[in-house]
Structures are given as C-alpha cells and as structure tokens.
Amino acid sequence: MSSASSSHAILTEEEKLAVEAQVERLLATPFFNHSRRFPSFLRYVVDQTLSGNTDNLKERTIGIEIFGKPADYDTASDPIVRVTAAEIRKRIAQYYQEPGHEGDLRVSLPPGSYIPQFHLSQRETAAIEADHEIAPAGVANLVPPMRATMATRSRLLWLSILILLLAMVFSALAWRHSSRSALAEFWAPILDSSDPILFCVADQNQYTTLSLRDAEDPAHQVLLKEQVTAVVIDDLSTITKVAGILQSAGKRYSVRGESTTSLMDLRNGPSVIVGAFDNAWTLRLLHPLRFHFANDPFMAVFSIVDSSAPASSSKMRWVVDRAQQMATGNYVDYAIVARFTDSTTGKPTLIAAGIGRGGTIAAGEFLSNGDLMQIVRNRNPSSSIKNIEVVLSTQIIAGEPGTPRVEAVYSW
C-alpha cells in the first residue's frame, strides 16, 4: 500500500518528518499564508493524527481548541468547523492541481472527516522501490524505512528543509491574486480596515406603544406608551449573515438605525448599509452609480435602472409592480450589492438592498456565498478592481425568496 498509505497506519519518525515538511510547504503557499484560521486548523488536525490522538478530531473539540468556542456551543447553528474544513479541502485540491506538484507527498482531508490522510505519488513510490527494500504488503511506507543509513536520513532531512525554504520564497512572489478566494477578495476592502465597521440599517419609527407580557401570565399582554424604533425582520437575515463574517474576521462593529446615522458616522470608518427604499443612505449613495433604485411618482412601480443604457432604450430593466407583489406574493424581486469607496465619505462602503424584502435576503445570501462570488469574479478577472456593483434577481414564491441569480456586474 505504499502508493496510497493511510494516515491511520503507524508511521516512523522519518515518515512523520516528511508529512510535517509537506504540510509546511502547503501552508507557505498563497492558498494558506493569507489566513490565520486555515493554517491553525490544518496544523492541529495533522499534529493530532501524527500523535495518535485521532479521537480528539471531532467537530466540537476542534471548535473549542481552534476557534475558542465554549464547551457547550451549538454545532448545528455554528458551522465554522465544517465551513473551514470544506475550504481547506478546496485549497489543498487547488495546490495539487498546479503543475510541479505531481510528485509531492499528498495530504488530504476526506469529506465528512477531520482526520487527514497522507499518500505517496507513483513517482515517490518508484524512487523508494529503486533504492530501498520494500516493506511487506499492508505496511505503510511514506519515506525510507528506519533501517536506512544515517546518511540517507540526513540527506532527506536537508532536502526537505531546502524544498521548504524554496517554496516559501517562490510562494511569496507568485499567484497572489489567483490564490485568494473570491469571497475573501470581495470582502478585503471592508475587513482590511483597522477602523470599526458601522451597520446602517433601515428602521421604522411608527410605533407609539409597546406590548409587554406579564411574567406570571405570559398569555396576558399590556400595552405601554413608548416610542419604538423597529427593524424589518427580513432584514435581519442579511444583518446576521454579514455580522457573522465580521465576527469570524475579528472585526469590531456597531449598529445604528438609518434615521440616527449622520454623515460624520459614515466618515469614521467602513459602513455596511442594509435596505433600499426604507433607507435614505442607500438611495443617496447609490444614485451617482451606474446601477441605482428608482420609482414612479405614485410609489406603485419600483425598479433598478442602468444609467449607462442608451436614451432610446428603457432604463428600467429590473422592475417590481407593487400591485402584483401584494396581490399574489409570486414575482421576481431584484437587489443591488455594491462595494465601493464613496467619494463623499472617503471610506469603503458596502450596500445590500433589495426592491422588496426578498431581494434584501438574496443580497445577504450572495454576500456569504463563495460560489456566487466566483461567478462575479469570472466576469471580472482583473486584479485591479476597486469598486463593484452587482444586480441580483430572485424568484419569490408565496413571499419566500429562492436562490439568487447574478443579472449584471459592473466594476471600476
């Protein structure tokens, strides 16, 4: 089994050194060296496997040890371990797909498992068979056996160190843009800022009473006079998705309602603005851009327009008829996701806004979906993109949005 040795086999010290050297080569590449989370995760599962502690490689244990989660955290609602493992699998696959790695010792993280496996390539197997006695069938051999001469061991160790140093040098110079995931690339202008991030969310100030429940009899409600500021519950889907991304990146943020957000607030750092026709800041900041929101004087027809469209054509490409929206609950909603440096505030700004509430939910899904981000990057492969607008659509059925679809992309 020397050509496909499992990590569950008992490895010699030389074999462990070879695995560790290969892992460090992986982590020195741009697939991993831009992240703190991925190297910590991969080193942990490899170290535990080489030490024979595979019983520790459970989702909850990894969440506690690597991500600092409490011992009783809910793995069903917090998928950070599963998401990180999936991303690591993808990056490992990308590394081995590049030319020049065909002969490398292969490290893999099988789907559904957090126990890594280590495999020899055919080239490595042939080299070992030519120079050393082959172990009996069923015995794992990743590097020459323990009875190899001291000189051979020393050469292998120095060769591994040399390869590692060369990999670190070349990886720092090559493929910086291509190695960065589309999701990380999109979020970089927001997350790279050292300033705290401001959420500006649509609010409603129309309530003058607050309904409270009796502690002794929760079925009994009492109405109290109080000025209440409310947030549309569907907007919370987008707010929580974005907040999760910010928390994973260790970013500080605060939340303010649209009616209490000032221009000075937006000038203090990056901002994330949620909501369209119920958020004046969205309408103000998007209006100078190519894609922005519009409506008729009677607020019966809402749309996203393309200001670059010829004057002879209709600029209203994406339209929602409120009468149809209210009567059937079945229609196509549209949204804008825009990430740009605003000329007024001078700060990175992210807007996620739908014509209807379903559109805003679709915008939030886009912001956390690496596959949709990759579609956008495929349309704009340039590494010099600083600002981008994306128009999305989503089919609404019985008031519930479906999967977002990318309608248009513009970058500058």
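User: Where does Leu-212 lie, and why does Leu-212 count as partly exposed?

Analyst: Leu-212 lies in strand β4, residues 204-213; strands are DSSP runs of E with at least two residues, numbered from the N terminus. Buried means under 20% relative accessible area, exposed over 50%, and partly exposed in between (1.4 Å probe, protein chains only). The relative accessibility of Leu-212 is 38%, so Leu-212 counts as partly exposed. This is a predicted model, in which local features need pLDDT of at least 70, side-chain atom pairs count only at pLDDT 80 or more, and totals for chains, interfaces and linings use all residues. Residues are numbered from 1 along each chain as its sequence is written, and side-chain values use heavy atoms, with hydrogens and water left out.

User: What puts Leu-372, Met-373, Val-376 and Arg-377 on the same side of α14?

Analyst: These four residues are buried in helix α14, residues 370-379; helices are DSSP runs of H or I with at least four residues. They cover an arc of only 145° around the axis, which puts them on the same side of α14. The arc is that of the directions from the helix axis to the C-beta atoms. An α-helix has 3.6 residues a turn, so residues three or four places apart point the same way.

User: Which exposed residues does the face of α14 turned away from its buried side carry?

Analyst: That face carries Asp-371 and Asn-378.

User: How much of the chain is buried?

Analyst: Of the 412 residues in the chain, 43% are buried. The chain has 14 helices and 15 strands.
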